[in-house]
Amino acid sequence: MEIDAPNGPSPSPSEPYTSSPPRIRRLDTTVVNRIAAGEVIQRPSAAVKELVENSLDAGSASVSVSVKDGGLKLLLVSDDGHGIRYEDLPILCERHTTSKLSNYEDLQTIKSMGFRGEALASMTYVGHVTVTTITEGQQHGYRVSYKDGVMEHEPRPCAAVKGTQIMVENLFYNMAARRKTLQNANDEYPKIVDLISRFAVHYTNVNFSCRKYGTNKADVHTVNGSSRLDSIRTVYGSSVARDLMEISVSDDGPARSVFQMEGFISSSNYVAKKTTMILFINDRQVDCTALKRAIEVVYSATLPKAAKPFIYMSIKLPSEHVDVNIHPTKREVSLLNQESLIDTIQSAIEAKLMSCNTARVFQMQAASSSMPTQVNTKKDNNSGTPSQKVPVNKMVRTDSKDPFGRLHSYYKEEAQSSQQEKKPDLTSVRSVVIARRNWKENTDFTSLDELVREIDSNFHSGLLDIIKNCTYIGLADEVFAVLQYNTDLYLVNIVNVSKELMYQQVVRRFAKFNAIQLSEPAPLKELLLMALREEDLETKEDEGLGDFDDLKEKIAQMNIELLKEKEDILEDYFGVKIENGSLIRLPVVLDQYIPDMDRIPEFLLSLGNDVEWENERECFQTISAIIANFYALHPPILPNPSGDGINFYKKNNPSGQEGEEGNEELLAEAETAWSQREWNIQHVLFPSMRLFLKPPKCMATNGTFVQVASLDKLYKVFERC
């Protein structure tokens, strides 16, 4: 009811109130519901608590929570419970509709967490609620949206997995003051994580996960079947679990209290700034301020000042001894003989701490070492003589048996350090000799620094995240591979991305290459002539311009002379060793990877023709690009036998049976080459990309990375079907 304010100015306290009484009227149902909703759903974490409790009441074995903007933008709770009947959907979000009880007497023995039928109704008055559900035996699920407690449309058939999914969007959209006080998502999301963490510790038979919407990494993730201590370790960390002690206490005296309590409490070695108390009474997550204060009083005698304990407790009482209907959000309960129960638990905790408090572990730093040392201090409970306080001026601050307390331990370190300064060890001598011999490693090239800075400053941050967090799927064709990033699929140009990776590796390994030693020296002249013939095959000879063998000989000889002249640069800086007109060594650009040796002729011809030798920066850049192109994962020269290329090997050979055997050998060679390339892509290229590649910005637009599918968009497409 509402009382109208009287018209006119308010009378002063000294004047009598002579105006007529205000009229009492009945509030509109919508106003009543919105006021009640503000009490039940006080913040996003309260909505999550109600939805998770509904999931647990539905017998779920898995509960997943996704949150966006602290829950104000989106709350998504999914479970695999028994679902909601189709005929119950019209009244699902009406106030005081529930499947948990039918009579008031049922409240005395209720075991479910929900019973009022207010939570979902309240959410529809302060947010936009969408429910997707399917029950066992149904061919499809149903989806329906609610507003102000009623359906906005008839339930629509849709694809669904077992259980129920409830989505709450734009929470408190019609309560400006409430929304303004909850604007900081950084404050709200930790509250939701803390809530799910508590449920995850208690319900070890349920899988829990909680994450920010759109991310793969869950901030809380537990697996059913774990022990209670393992769940605590998973959620709160090993530093908490290792200092916990198991405790149990019970009482069956009707005059005092009837209960059973099991849990874990922290030992005196545990130190924290805030008390963490996880309390479940009859499997209901509640707060009990009186019990919390009683436990803190016990710990205040054993913990250092300002340190707080960690407590997990599960208390079981007869249902008739618990009144669950005393708080709008069911956060608190009233217990029969509460004082006696608290005293019993307090005494049990005190006894447990006293029996396990014979040793304390402190972290100390030794005087001559930076490593922390554990020191055990034991209390002598059997000694009858009280300990006497030693005056400060008579306190002995060193231990005669501890060498760290003696002065010579400090002198010893100083003497050793001075000896090391006077007498350099063998390692330092070797490093000096190596530095003198490998003068090229210490050479300062401004142009090389520019190339490195260009790589580091011109990368695409989005592509870098894709590369570091992607999953390799397989090859789509001879050039493109398929990879998955979050819920998206991408096609990646293997040639382009491997060429860029090799280029960056050549620049970063400048003058520091390991070597690939050829089994036999490869004559430059033969290799260059081979490359010239292949280059000329599709141009001059096809156009009927005659044979140019003499010209090719001259071009090959000119390139040989040039490469001999530059062999020092190639060997010292790029690991390409040329000696006596033959190729001796190649550099190791990527560990565990050997390039396709069929491309050596093309590589040498490019070194002779395409390098700008006069300009230092251009010289280093072009040589690095030529080496990168040689080492890139190009398709093998032989056609792919697993595709249309098999026709190449099936052609009739006029040489008869010997030719057929030759084709079989060629086919086996091709199969080996293609399978080796695929292995290199999966096991060498992609792991190396994650470690070393910084993709340039041009790769986002030149077709190197192409998004071909998105799971979110696919779901939207299939939902329309």
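In the predicted model, Thr164 is found in strand 9, which spans residues 163-169. With a relative accessible area of 10%, Thr164 is buried, since residues under 20% are counted in that class. The side chain of Thr164 makes a polar contact with the side chain of Thr133, at 3.1 Å. When residues up to four places away in sequence are left out, the residues touched by Thr164 are Val77, Ser78, Asp79, Gly83, Ile84, Val131, Thr132 and Thr133, so that Thr133 appears both in this list of contacts and as the polar partner of the Thr164 side chain.

A pair of helices was examined next. Helix 2, comprising residues 44-57, and helix 5, comprising residues 185-202, have axes that come within 9 Å and cross at roughly 25°. Helix 2 is therefore roughly parallel to helix 5, as angles under 35 degrees are classed in this way. The crossing of these two helices is right-handed. On the side of helix 2, the residues that take part in the meeting are Pro44, Ser45, Val48, Lys49, Val52, Glu53 and Leu56, whereas helix 5 contributes Glu188, Lys191, Ile192, Leu195, Ile196 and Phe199.

Further along the chain, an open sheet is formed by four strands in the order 21-22-23-27, with antiparallel pairing. The edges of this sheet are occupied by strand 21 (471-475) and strand 27 (705-710), and because each has a single partner strand, one side of each is left without a neighbour in the sheet. Neighbouring strands are turned against each other by 25° on average, with direction ignored. Strand 23, which covers residues 488-493, runs antiparallel to strand 27 and is joined to strand 27 by five bridges; Leu491 stands opposite Val706 of strand 27. Two helices accompany the sheet. Helix 14 (residues 494-508) packs on the sheet and touches strand 21, strand 22, strand 23 and strand 27, its direction making about 70° with that of strand 23. Helix 13 (residues 461-469) lies across strand 21, strand 22 (480-485), strand 23 and strand 27, and runs at about 90° to strand 22.

Considered as a whole, the chain contains 22 helices and 27 strands, and 40% of its 721 residues are buried. Of the contacts in the chain between residues at least 6 apart in sequence, 68% join residues that are at least 24 apart.

Key. Residues numbered from 1 in each chain as written. Predicted model: local features only at pLDDT ≥ 70, side-chain atom pairs only at ≥ 80, totals over all residues. Heavy atoms only, no water. Pairing = 2+ DSSP bridges. Axes fitted to C-alpha atoms, helices over the stretch in contact; angles between N-to-C directions. Contact = heavy atoms within 4.5 Å. Buried < 20%, exposed > 50% of the residue type's maximum accessible area, 1.4 Å probe, protein only. Polar contact = N/O pair within 3.5 Å; in protein donor to acceptor, adjacent residues only side chain to side chain. Parallel < 35°, antiparallel > 145°, perpendicular 65-115°, else oblique. Left-handed = near helix turned anticlockwise from the far one by under 90°.
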